[in-house]
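Let's practise reading a protein model together. Have a look at the sequence and the structure, then try each exercise before you read its solution.

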Amino acid sequence: MSSDFSTGMKCRVCGKVYPKSAINFCVDDFGPLEVAYDYARIKPALTKAKLDKRPWNMWRYRELLPLDGEPTVGEHVGGTPLIRADRLADALGVERLWIKNDAVNFPTLSFKDRVVSVALSKAREFGMRTVGCASTGNLANSVAAQAASAGLETFILVPADLERTKILGTAVYGAKVIKLTGTYDEVNRVCTQIAMKYGWGFVNVNLRPFYAEGSKTMGFEIAEELGWRFPQHVVSPMAGGALIGKIHKAFTELHNIGFVETPVTTKMWGAQATGCNPISDCVKSGRERHKPVRKPNTICKSLAIGDPADGYFAAKLIRETGGWAEDATDAEIVEGMTLLARTEGVFAETAGGTTVAVAKKLIEAGRIPRDEEIVLCITGNGLKTQDAVFDALDIPESIAPTLAAFEDLAGLKAAEPALV
Ligand SMILES: *Cc1c(COP(=O)(O)O)cnc(C)c1O
Ligand SMILES: [Zn+2]
């Protein structure tokens with residue numbers, strides 16, 4: 001049975017439609033291609049009754065994803081919790097706050113598992129045997145893990161200064177990890193050349209239109225977990241700028257197929273690190289197009305893309321929805337990480353700290369109203385970026401194994417010895 005409801009890939013600049021294949025840009029104007037769907041056909045095919053019988057993972061929305069058949073990679077990805085975050089809400093001075101926790105996504109603890117399962121399932125439909133990616137870390141982990149389970153040969157190209165844990169969490173799956181002495185943008189350029197020359201599937205290059213669609217499932221889940229409605233505000237981290245747009249596209253699609261009757265009025269808010277802020281700078285400065293950041297310099301490496309592929313569209317969407325963008329310094333990012341951990345028991349990576357810090361700034365500036373519903377997208381796990389917070393933690397020296405030493409350290413008054 002074909003579950004394919006997509007009609008092809010449409011250029012986001014001129015609207016020209018291409019059949020689904022391993023290309024990511026329009027040959028006329030180099031505009032990015034995006035998968036288009038026939039919502040009139042999806043509406044009767046995907047009902048809430050049907051959805052209720054499916055497992056709680058991202059493939060429950062498969063009619064809105066661009067595969068011809070069933071998924072063959074990443075069948076268990078998605079289905080992460082949306083957590084009501086009252087203690088963080090108190091700390092930020094807002095009334096209704098949730099966190100969408102993709103720090104616990106399966107199998108590699110970031111939202112990238114969603115995009116990779118679609119891209120690699122598609123690569124297999126195209127008959128590709130060798131896959132890869134250019135990555136700032138999380139994508140490398142996910143491509144390596146999911147390609148290993150699918151038995152695909154894998155080349156991962158990364159900037160050489162990436163965190164040790166992210167290199168380790170890629171090499172362990174047997175992928176060939178290649179460190180390039182350059183920025184992410186330079187790495188990405190080499191991947192484009194390899195993909196074109198050898199016909200391999202690079203998930204965020206020639207498979208990017210399919211990859212990006214996977215991000216929508218985060219939006220589908222948020223709406224379903226809220227009881228089929230949209231929040232008033234979503235704060236999303238931005239690297240290449242795809243996720244923020246796809247969450248909004250997901251909401252629009254749920255409205256198109258009648259799952260949520262009210263039209264989408266959600267305001268989209270974008271978060272970046274100050275050390276690599278092409279999109280937030282674009283929004284704040286009022287420019288139509290972003291100025292690439294040549295040399296990113298931030299502890300938030302997962303968001304450090306100097307020339308974001310979807311930067312133009314992310315800035316445009318943010319403006320159209322009435323949202324805004326901000327960026328956070330390294331110190332603010334660390335504060336965001338510890339605040340989230342201490343209020344909600346969620347250890348997020350630097351991108352999560354960025355999102356929390358930016359939300360705090362936007363609330364304090366009066367841009368996000370304190371009495372409206374806010375969802376923060378937490379996209380990666382703190383265990384992958386431990387070095388970023390280590391120095392900010394107060395870890396005491398060792399003590400002698402005695403009660404007295406414990407009481408001394410804990411600031412407890414040594415009591416009279418108890419009678420036994
Ligand atoms: C890749 C990534 C993002 C941003 O994704 P884009 O779609 O490229 O904007 C956000 N958070 C984490 C942890 C990521 O790895
Ligand atoms: Zn075009």
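Below are five exercises on this predicted model, each with a worked solution.

**Exercise 1. Which atoms coordinate the zinc ion (ligand 2), and how are the donor residues spaced in sequence?**

Step 1: Start at the metal. The zinc ion (ligand 2) is held by the SG atoms of C11, C14 and C26, together with two OD contacts from D29, at 2.3 to 2.4 Å.

Step 2: Now go to the sequence. The donor residues of the zinc ion (ligand 2) follow the spacing C-x2-C-x11-C-x2-D.

Step 3: Try classing two of the donors by accessibility. Buried means under 20% relative accessible area. C11 has 3%, so C11 is buried. C14, at 43%, is partly exposed.

**Exercise 2. Work out how helix α9 and helix α10 are placed relative to each other: parallel, perpendicular or oblique?**

Step 1: Find the two helices, α9 at residues 216-225 and α10 at residues 242-256. Their axes come within 7 Å and cross at roughly 50°.

Step 2: Compare that angle with the cut-offs. Angles under 35 degrees count as roughly parallel, and 65 to 115 as roughly perpendicular. The helices α9 and α10 are therefore oblique to each other.

Step 3: Add the handedness: α9 passes α10 in a right-handed crossing.

Step 4: List who touches whom. On the α9 side the contact involves K216, M218, G219, F220, I222 and A223, and on the α10 side L243, K246, I247, K249, A250, F251, E253 and L254. Sorted by class, the contact of α9 with α10 has nine nonpolar, one polar and four charged residues.

**Exercise 3. Decide why helix α12 can be called largely enclosed by the rest of the structure.**

Step 1: Look at the burial of helix α12, residues 311-321. Eight of its eleven residues are buried, so α12 is largely enclosed by the rest of the structure.

Step 2: Name the buried residues of α12: G311, Y312, F313, A314, A315, L317, I318 and T321.

Step 3: See what surrounds them. The buried residues of α12 pack against α10, β11 (267-273), α11 (278-285) and β12 (325-328).

Step 4: Zoom in on I318, which is in helix α12. I318 is buried, with a relative accessible area of 0%. Leaving out residues up to four places away in sequence, I318 touches M238, I244, M268, G270, V283, G323, W324 and A325.

**Exercise 4. Describe the crossing of α11 and α12.**

Step 1: The axes of α11 and α12 come within 9 Å and cross at roughly 45°. That angle makes α11 oblique to α12.

Step 2: The crossing of α11 and α12 is right-handed.

Step 3: I279, C282 and V283 of α11 meet G311, A314, A315, I318 and R319 of α12. The residues in this contact of α11 with α12 divide into six nonpolar, one polar and one charged.

**Exercise 5. Where do L109 and W228 lie, and is each buried or partly exposed?**

Step 1: L109 lies in the loop between β5 and α4. Its phi is near 65°, a positive value in a residue other than glycine. L109 is partly exposed, at 31% relative accessible area.

Step 2: W228 is in the loop between α9 and β10 (233-237). Phi of W228 is near 55°, again positive in a residue other than glycine. With a relative accessible area of 17%, W228 is buried.

Step 3: For one last backbone detail, go back to the loop between β5 and α4, where P107 is found. The peptide bond from F106 to P107 is cis, with omega near 5°.

Key. Residues are numbered from 1 along each chain as its sequence is written. Chains are lettered from A and ligands numbered from 1 in the order in which they are written. This is a predicted model: local features need pLDDT of at least 70, side-chain atom pairs count only at pLDDT 80 or more; totals for chains, interfaces and linings use all residues. Side-chain values use heavy atoms; hydrogens and water are left out. Axes are lines fitted to C-alpha atoms, for helices over the stretch in contact, and angles run from 0 to 180 degrees between N-to-C directions. Helices (H or I, at least four residues) and strands (E, at least two) are DSSP runs, numbered from the N terminus. Angles under 35 degrees count as roughly parallel, over 145 as roughly antiparallel, 65 to 115 as roughly perpendicular and the rest as oblique. A crossing is left-handed if the near helix is turned anticlockwise from the far one by less than a right angle, and right-handed if clockwise. Contact means heavy atoms within 4.5 Å. Ala, Val, Leu, Ile, Met, Phe, Trp, Tyr, Cys and Pro count as nonpolar, Asp, Glu, Lys and Arg as charged, and the others, Gly among them, as polar. Donors are N, O and S atoms within 2.8 Å of the metal (3.2 Å for Na, K and Ca); water is not among the atoms, so sites may look incomplete. Buried means under 20% relative accessible area, exposed over 50%, partly exposed in between (1.4 Å probe, protein chains only).
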